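Subject: Model handover

Hello,

Here is the model I said I would pass on. My notes on it follow below the structure.

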Amino acid sequence: STSIFPKPKHGPMMNVETQSSGRALWRTRVVAVLLLRGIVCCSAAQSALGRQHTDEDSNIICKAVEVIWDHVPENHGHEEGVTLASVASVDRALAVLHVSASWDDAVSIAMYARTDAEAIAIRSFILNTLAPYCESKGQLFHATLISSCTVKDSPDEVLSFPINKLRWHAVAAASTNIVLYVDVDFLPSKDASAMIRGAFNSGTVDRNEDLLILPCFVAKESSDWPIPLEIRDGGNGSLLINVDALTKPELHNRFLSKRVEMPGVPWSVSSQAATDYVQWFQVGIEPPALREDGGSASGYYIDYTAWYEPYFALDKSKWRGVRGAGMFDDRFE
């Protein structure tokens, strides 16, 4: 077995300042890309239309906010690509590695440490395992470490996981305009980034008006799919990682055999029901072929309903909300 927490060694430490912008959108479109949560998952120049976020705006104060890694491959354009943004604590390090291995485009991760010991472990994981692996794939990769956050009125009580604080940093640090935020235990389907990029570039999604919804599913505890993450030592400190390629036909078969289901079944489906899973399956089992112009999926519009909490991609340069391109408001917990 290969440890994902090797002994610390020297690595690049970088700091960047970001400015962000945006506005709220409610009109949504759904395409044939999917996310699956399985039990096996064990910066850059940005638009200056909005105001810059500062910690003075927040009710949450953190001991440190460190940019641990900020890698932009040569000749990378900020208009290109789709950044997968997510957040995690030290106990979800393997899930972070799994989702990064499953994604073939840019990644922005914000990790949280409650103690100095956790911060040391996270730095070691990022510098010696995650960042080198993402670089070996040619991925644009950004990692932020946020430590020991408290509420202003309770400075002695360290928060267990200030999720919206972390989400804000993960999204704001993305070095592409198109961003997909997902919880770290959701895995994207094969070619998801290409289909998302194609939907935006082809005009299927209106960058100024639309959110692009990704239907999500949950694997049952008894399910053997997706397969566990396989990590092997590639020599010279490198990792070889095999991941299950998630496809819509395979998902459909697993769904019919009741081995995967939509989140909340059977008690609370309101968080995802507006996605209209019946219509999503009816648009075709095989995803549309990508066109030369980058275009892909045909989609359909849906209506927002109360308690809807979908995962979506958007062009954050069009977001003009009060908190800027980070989208999430850390005053709301």
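Two residues are in contact when heavy atoms of theirs lie within 4.5 Å. That definition applies to the packing described next, and the coordinates come from a predicted model.

Helix α4

The buried residues of α4 pack against five strands: β4 (82-89), β8 (178-181), β9 (186-188), β10 (210-214) and β16. The helix itself covers residues 192-201, and because eight of its ten residues are buried, it is largely enclosed by the rest of the structure. The buried ones are A192, S193, A194, M195, I196, G198, A199 and F200. After α4 comes G203, which has a positive phi, near 95°.

Cores

I196 also appears in the largest nonpolar core, which has 63 residues; together with I126 and F141, I196 is among those with the most contacts inside that core. The element that gives the most to this core is α2, with nine residues. A second core, separate from the one above, has 19 residues, including V87, C149, A174 and Y181.

If you want one residue to start from, take F141. Residues up to four places away in sequence are not counted here, and F141 then touches W69, D70, H71, V107, I109, I126, L130, A131 and C134.

Helices α1 and α2

How do α1 and α2 pack, and at what angle? Helix α1 (residues 93-102) meets helix α2 (residues 116-136) at about 15°, and their axes are 10 Å apart. Angles under 35 degrees count as roughly parallel, so α1 is roughly parallel to α2. The crossing of α1 past α2 is right-handed. On the α1 side the contact is made by A93, V96, L97, S100 and A101, and on the α2 side by F125, L130, Y133 and C134. By type, the residues of this contact are eight nonpolar, one polar and no charged.

Strands β5 and β6

A113 belongs to strand β5 (residues 107-113). Its relative accessible area is 0%, so A113 is buried. Which residues does A113 contact, leaving aside neighbours within four places in sequence? They are E118, A119, I122, L145, I146, S147 and S148. The C-alpha atoms of A113 and S147 are 4.7 Å from each other, although 34 residues separate the two along the chain.

One of those contacts, S148, sits in strand β6 (residues 141-151). S148 is not a glycine, yet its phi is positive, near 45°. With a relative accessible area of 14%, S148 is buried.

Backbone points to check

Most residues other than glycine have a negative phi, and most peptide bonds are trans. Against that background, two further places are listed here.

- W307 has a positive phi, near 70°, and is not a glycine. W307 is in the loop between β15 (300-302) and β16 (311-315). Buried or exposed, and what is the relative accessible area of W307? W307 is exposed, at 69%.
- The peptide bond from W225 to P226 is cis, with omega near 0°. P226 is in the loop between β11 (216-219) and β12 (230-235).

To put the two positive-phi residues side by side: S148 is buried, whereas W307 is exposed.

Regards

Terms used. Residues numbered from 1 in each chain as written. Predicted model: local features only at pLDDT ≥ 70, side-chain atom pairs only at ≥ 80, totals over all residues. Heavy atoms only, no water. Axes fitted to C-alpha atoms, helices over the stretch in contact; angles between N-to-C directions. Helix = DSSP H or I, 4+ residues; strand = E, 2+ residues; numbered from the N terminus. Parallel < 35°, antiparallel > 145°, perpendicular 65-115°, else oblique. Left-handed = near helix turned anticlockwise from the far one by under 90°. Nonpolar A, V, L, I, M, F, W, Y, C, P; charged D, E, K, R; others polar. Core = buried A, V, L, I, M, F, W, Y, C linked by side-chain atoms within 4.5 Å. Buried < 20%, exposed > 50% of the residue type's maximum accessible area, 1.4 Å probe, protein only.
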